[in-house]
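Here are my notes on the model. Please read them alongside the coordinates.

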Amino acid sequence: MVKGSTAVSAVRKDAEKVFITIYDYDAATLEEHEVQVTEECFRFKDNDRITWINVDGINRNIVNKIGTYYGIHPLLMEDIASMNQRPKMDEVEGILYCLLNMLYFNPKEGAVEYEQISIVLGKDTVITFQEDASRDVFDPIREKLRMANSRLRQRGADYLCYSMLDIIVDNYFIVMEKLGERIELLEEEVIRCSDKLTLAKITHLRKELIVLKRNLVPVRDLIGSIMRSENELLEEGTLKYFKDVHDHIIQAHDLSENYRDVMVSMQDLYINNVNLRMNEVMKVMAIVTCLLAPATVIGGIFGMNFDVIPTLHNQWGFYSAVAAMLVIPVIMLIMFKKRGWF
Amino acid sequence: MVKGSTAVSAVRKDAEKVFITIYDYDAATLEEHEVQVTEECFRFKDNDRITWINVDGINRNIVNKIGTYYGIHPLLMEDIASMNQRPKMDEVEGILYCLLNMLYFNPKEGAVEYEQISIVLGKDTVITFQEDASRDVFDPIREKLRMANSRLRQRGADYLCYSMLDIIVDNYFIVMEKLGERIELLEEEVIRCSDKLTLAKITHLRKELIVLKRNLVPVRDLIGSIMRSENELLEEGTLKYFKDVHDHIIQAHDLSENYRDVMVSMQDLYINNVNLRMNEVMKVMAIVTCLLAPATVIGGIFGMNFDVIPTLHNQWGFYSAVAAMLVIPVIMLIMFKKRGWF
Amino acid sequence: MVKGSTAVSAVRKDAEKVFITIYDYDAATLEEHEVQVTEECFRFKDNDRITWINVDGINRNIVNKIGTYYGIHPLLMEDIASMNQRPKMDEVEGILYCLLNMLYFNPKEGAVEYEQISIVLGKDTVITFQEDASRDVFDPIREKLRMANSRLRQRGADYLCYSMLDIIVDNYFIVMEKLGERIELLEEEVIRCSDKLTLAKITHLRKELIVLKRNLVPVRDLIGSIMRSENELLEEGTLKYFKDVHDHIIQAHDLSENYRDVMVSMQDLYINNVNLRMNEVMKVMAIVTCLLAPATVIGGIFGMNFDVIPTLHNQWGFYSAVAAMLVIPVIMLIMFKKRGWF
Amino acid sequence: MVKGSTAVSAVRKDAEKVFITIYDYDAATLEEHEVQVTEECFRFKDNDRITWINVDGINRNIVNKIGTYYGIHPLLMEDIASMNQRPKMDEVEGILYCLLNMLYFNPKEGAVEYEQISIVLGKDTVITFQEDASRDVFDPIREKLRMANSRLRQRGADYLCYSMLDIIVDNYFIVMEKLGERIELLEEEVIRCSDKLTLAKITHLRKELIVLKRNLVPVRDLIGSIMRSENELLEEGTLKYFKDVHDHIIQAHDLSENYRDVMVSMQDLYINNVNLRMNEVMKVMAIVTCLLAPATVIGGIFGMNFDVIPTLHNQWGFYSAVAAMLVIPVIMLIMFKKRGWF
Amino acid sequence: MVKGSTAVSAVRKDAEKVFITIYDYDAATLEEHEVQVTEECFRFKDNDRITWINVDGINRNIVNKIGTYYGIHPLLMEDIASMNQRPKMDEVEGILYCLLNMLYFNPKEGAVEYEQISIVLGKDTVITFQEDASRDVFDPIREKLRMANSRLRQRGADYLCYSMLDIIVDNYFIVMEKLGERIELLEEEVIRCSDKLTLAKITHLRKELIVLKRNLVPVRDLIGSIMRSENELLEEGTLKYFKDVHDHIIQAHDLSENYRDVMVSMQDLYINNVNLRMNEVMKVMAIVTCLLAPATVIGGIFGMNFDVIPTLHNQWGFYSAVAAMLVIPVIMLIMFKKRGWF
Ligand SMILES: [Mg+2]
Ligand SMILES: [Mg+2]
Ligand SMILES: [Mg+2]
Ligand SMILES: [Mg+2]
Ligand SMILES: [Mg+2]
Ligand SMILES: [Mg+2]
Ligand SMILES: [Mg+2]
Ligand SMILES: [Mg+2]
Ligand SMILES: [Mg+2]
Ligand SMILES: [Mg+2]
Ligand SMILES: [Mg+2]
Ligand SMILES: [Mg+2]
Ligand SMILES: [Mg+2]
Ligand SMILES: [Mg+2]
Ligand SMILES: [Mg+2]
Ligand SMILES: [Mg+2]
Ligand SMILES: [Mg+2]
Ligand SMILES: [Mg+2]
Ligand SMILES: [Mg+2]
Ligand SMILES: [Mg+2]
Ligand SMILES: [Mg+2]
Ligand SMILES: [Mg+2]
Ligand SMILES: [Mg+2]
Ligand SMILES: [Mg+2]
Ligand SMILES: [Mg+2]
Ligand SMILES: [Mg+2]
Ligand SMILES: [Mg+2]
Ligand SMILES: [Mg+2]
Ligand SMILES: [Mg+2]
Ligand SMILES: [Mg+2]
Ligand SMILES: [Mg+2]
């Protein structure tokens, strides 16, 4: 839920309130439970139906209780309780473990927010640990689980795990779509009416893209590792689905590279525009100052108090001097114009 | 048909009108059909002639109907109906699937446009799904199909598939040729008479090059994957033809890198030119202002109202003062010139 | 103990005082010794308990004595006595050898300091050679050794070696956390009130990041080499612990890349801000100078000593002239404003 | 023969006049022929001597005639007739085919020119197709062929093929030597007396280096492919000769990278020099203008027409005022100097 | 002996005077000879002692004589006589051949100089060919050869070859140490008192680093190739020594990357400092000019010759005007200060 900051976070505070929901299903039926006491979820372990245990809120006690019962290695329990982890995949003693982030776009701050999620795939079991109870991206999965004839209900726990990764990655695209819109708006702003804040906005967006990319690269590796793992928890028929997610995450990465290039050349354009405008102002100022200088000199010449100054007593003297004050700048102006100086 | 935008597009709207044309041929004869009802194209499936089904317009219903009949996996059907996909190649259950873009050059906007195409290679069958009925790059293939003695008519569906990739890649070169001409024009503009719009044009062209490169890299991988695939749909004798396309796409990529380098150094040159010209103007202004300052001072000196000012009553005083006003700048000018300041 | 300097250091001076401490343990008991004479530590070699010999201070004599007794190859003894070595792992004749740096953050100078450590893993033995007796990062290990029921006491010398690498890498994160805080502070400074020193600070922090990264990359390779080594000194069950450290070091590297990107764009922002502020000042100066020039000219016109100057004898002449001196700049100002020049 | 342009060239126009020369030799004797009718060269095919057929000028008819007779695949014939191809190596049906460019340095334009050459190695036969009859780099080979005791005469067609690649690559070094001289001259120009044209020259040289590098990278791959090919046309004893050419092309590539680095830092230096000189001029102008401003003010003060102005009637008033006009700038100058402002 | 220039050198001139020294040894005895006639060194070939033949000065005749006698392939003899070769390793017909450069630091010019050396390892024989008789880095080897109990005397020709590579690489560190000192000095200069020459110095040092790196990368590959070669000339026990040199050369490369980064950010810092100082000067000038402009205007106002100018006849008029001339700049100054403009 933290937005992209540069500091490595310290240790996680245990959540006070943890919500556990259970989806226990096979092709025929689905049971949904909200569990009050952690131990309630143990009874689903050895039935031969698929069980999804979703834990909202990270509390070391509960992680340890569930982890111990379901045979999750202590190192993995540490990872589940960690903060700001790099997305990764691990296979330890009959468990396939994925840690990654769900991304959300916060339209108010224009920021990419993330919530760490651990997906534990065991035999006929998927356990997910989320940081934040108030949101996730799994609603479409819940809906499909409730539809008896959905493919999700026909297939095993590995397919459920795939569906989760798929929907998380699909959500990356939604976040990128939002970022893309911001980039396009900013692009117009740069071309039309950029001001002091524009560079700050560009820098901000580039940072959000870094947050994004920091997620895309390791998630791509994560899914690649699953494809190569030959873990017995994964049926062969599910492999092509993971390959599909892999295609998507590669495309997302490609797009993010594209965004970065656009941002770099946008920044170039912005800086150039600022310089051009500044240059124009300075040029006009310099030209005006320069054009008025001869008039000052002429004024000075005929303001001198010499006894003998020709034309001083001539009737048209003043008019000639003023005319010179006008004509000289005009000539200069024409010369400047000819040389293309403005 | 969309031009290179930074936004990830949303979901595709199904085409209302879909055109299906069929080329059913062997070495001896060719039948061309325009099909009104999707099901009409099913009867070509199990004859032992080569069949090319070209579907213009993407409509999920029709994709599903044809896909189901020809054994295309649901994930591939999703890819066919997707938008803004990254070019890719896939082999699923007896199908070799290629998704890539045909590129066109829009001379009015100087933009690279693209149209997504899916090429489905099955046994004795090639099915192509195009987004836009109004254009494609396959006319030379249609002509060769109509020539009984062409190599295309002598060989199998894999050679037809190769011919399509070959002509698509050949078209990339045509687009690049157009971009190359624009680059050369812009290069001359930068050297001779660049103005405010020039940088915008450079930025625009760089963006078009990004669009181009985003297609070249994955298409190179796509063709490389076909070469390594050892799919039984591909006869061994066709391999060297795919290798030839591979050579071409590598060359296209090489050329695009070259273009990018040229654009970068063009932008450097442009910015340098703008600075040089600006500097020249400012320098002249500063020099003129500076040269006139002594005259102002002299005017001020002899314009003071002291009772006793030497030379004030001298007959040649005025002329001496004005002479000084002229001589001092000339001396300064000579000094400036000597130091190579202009 | 040296802070990150660019010079390759010359030869190491032998430490005058060397402290040797021994932890000899099995699951049941732990003995701690401070050894006065080097030879005292030889008697622990062939007991069947785990022995950790920690040597604080590098003295070639002592390194050679211990090395010869414990079968460390002369090349490794050279490495132990070397300075400013690149982190590396080596397997020579029944020894697994790791050389790396412990990092500390010096808050006064904002600098990353490092101390070279050699970890020699032999049969039931770990020998560590540290440069600096006054500090290391192993206190948590010492505490766990003193707890009879800790996992460290249950397992072999390879687990002790893992624990050391783990705690060293964990400490990298602590150093990075401190650097991250500095980066955030600097970021605010750049946005709010950057001055001349800011760039020096940015450059300084970038150098610290280079010191950091120079350690991360080879330590990642070091741990990767251990994982792939299949050395018989490593029990298979310890492998997943090394994999965990590997994950952490990869994450640290990732984060350091992230820091570097932030620093680069911070520097861009700083330079841009400096330019913007400078531009603003120069613009205002140029505008003021330019606005006052017409007044100077008008003053000059009516200060000329011609006999005939219209309005000179008019009662309102002076006021008109002064009015013109005010009105002209105001008109200019309005024009400048309209063109958005300030 | 075309110099390095950014446009992809269109289709090649067939040469009107084609020159075919034949060298048919073994250790004992050498026959040289100029062939008038293409078919004349067919009679050398099945004698058991080595035959080199050199075709100067690309004409599709003749390429096809020879290609068909000597069993060159149609795709290769297309490559021979192509323009602006990327250097490549191919093995098709008993033929080893190399396409690359001979480079020449045009001293007038300071440009790298290239001529595409196809080398077809068949059994006891080498056929070369050149674009331009007026020049090539093979004269040393012709001379060695005429020497009965040369190694070339003792060995097979593969050694002839090697000799060609060797001499082409040796010529790359000659071109680079010329470029290197230009770079050194330009370097001196940048340091001593760079003017407006210097950047254009730098940009020009950088483009020539791109042309060069575009040839080096694929030729390196080409020779690497030959070394790995295990083609039966290549005797094992010839392999070390190809390895030698490989070493040379790697060195050439290395050197070109070096040149590029030098060019980049030269451009940096140039831009910095231009800025420094501009800055110096502007600084002097600003200082002169600034130094004269107080004098103007003093002149203005005592030029005012107030009835009561102190010192106005004093005998030394004028001299004091002028003295102030001189002293104040001198004081300012000293202050500026002290702060190191010029 | 040549310093790092950008030009590819032409052909080597044969040395007129060549010095040949021979070290013929086993564990028991050592013979040192200075050979006058090349053929004298042939008699050491088939004794069963280790022979080191050191040839100072490259003369094709002598290279050919020795090469032919010791079975060195003509291509290798060409390499020995070549100039400015890229470091490389080759195995041809029972010979292991290394070509690399010894680096020296020329403190007068601050330049990295190099001398090409060829090391030919044959059975019980090492032949070295150096360009320059006046210097090399092998004196420590000569000393160890003279010590009967040194490891060098106990072991074979491969260990002698290792010792040479080791000492050459150790010398790279000495050169780098010198460069590092220069970098540190330059760094202080940039921070304290950089002038016009500083950038030239930075550019010079960057070029020296390029010379360095051009040697490090291929030498790393060279030693890596030896490690992987499985040549029978290398005893298995010597492998770990080559691994040690490999570690060192990797570290040297690492350090050179580090130097390069430091140089880049030093250049950034320098350019920024130059700009900052220039900006400061220009700002002060602009402010002074701007502050004096109102005084000029006021002087002009009361210098006008209107009949009716208020306060002109007032006793305090002049003082008020001068006061205004002082007060207005002070007010402006306060405003500028408040906005943080200086
Ligand atoms: Mg962990
Ligand atoms: Mg949640
Ligand atoms: Mg998806
Ligand atoms: Mg999907
Ligand atoms: Mg990252
Ligand atoms: Mg870009
Ligand atoms: Mg898909
Ligand atoms: Mg279409
Ligand atoms: Mg083609
Ligand atoms: Mg073709
Ligand atoms: Mg891309
Ligand atoms: Mg470039
Ligand atoms: Mg070592
Ligand atoms: Mg310590
Ligand atoms: Mg850890
Ligand atoms: Mg831990
Ligand atoms: Mg490093
Ligand atoms: Mg960045
Ligand atoms: Mg930068
Ligand atoms: Mg081709
Ligand atoms: Mg030719
Ligand atoms: Mg050669
Ligand atoms: Mg040669
Ligand atoms: Mg290239
Ligand atoms: Mg460089
Ligand atoms: Mg050679
Ligand atoms: Mg020497
Ligand atoms: Mg060494
Ligand atoms: Mg050593
Ligand atoms: Mg290099
Ligand atoms: Mg850096």
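1. The magnesium ion (ligand 13) has two protein donors, Asp79(C) (OD) and Asp244(E) (OD), at 2.1 to 2.2 Å. Donors are N, O and S atoms within 2.8 Å of the metal (3.2 Å for Na, K and Ca); water is not among the atoms, so sites may look incomplete. The pair crosses between chains: Asp79(C) sits in helix 2 (residues 74–81) of chain C, Asp244(E) in helix 7 (residues 239–302) of chain E. Helices are DSSP runs (H or I, at least four residues), numbered from the N terminus. Both aspartates, Asp79(C) and Asp244(E), are buried (under 20% relative accessible area, with exposed over 50%; 1.4 Å probe, protein chains only).

2. This is a predicted model: local features need pLDDT of at least 70, side-chain atom pairs count only at pLDDT 80 or more, and totals for chains, interfaces and linings use all residues. Residues are numbered from 1 along each chain as its sequence is written, chains are lettered from A and ligands numbered from 1 in the order written, and side-chain values use heavy atoms, without hydrogens and water.

3. Zero disulfides turn up over all chains (cysteine sulfur pairs within 2.5 Å). Why does Cys290(C) not bond? Its closest cysteine sulfur, in Cys290(A), is 11 Å away, too far for a bond. Cys290(C) is buried, at 0% relative accessible area.

4. Turn to helix 8 of chain C. The buried residues there include Phe318(C), Met325(C) and Phe336(C). On the other side, Leu326(C) and Lys338(C) are exposed. Gly340(C) follows the helix, with a positive phi near 70 degrees.

Note on methods:
Helices (H or I, at least four residues) and strands (E, at least two) are DSSP runs, numbered from the N terminus.
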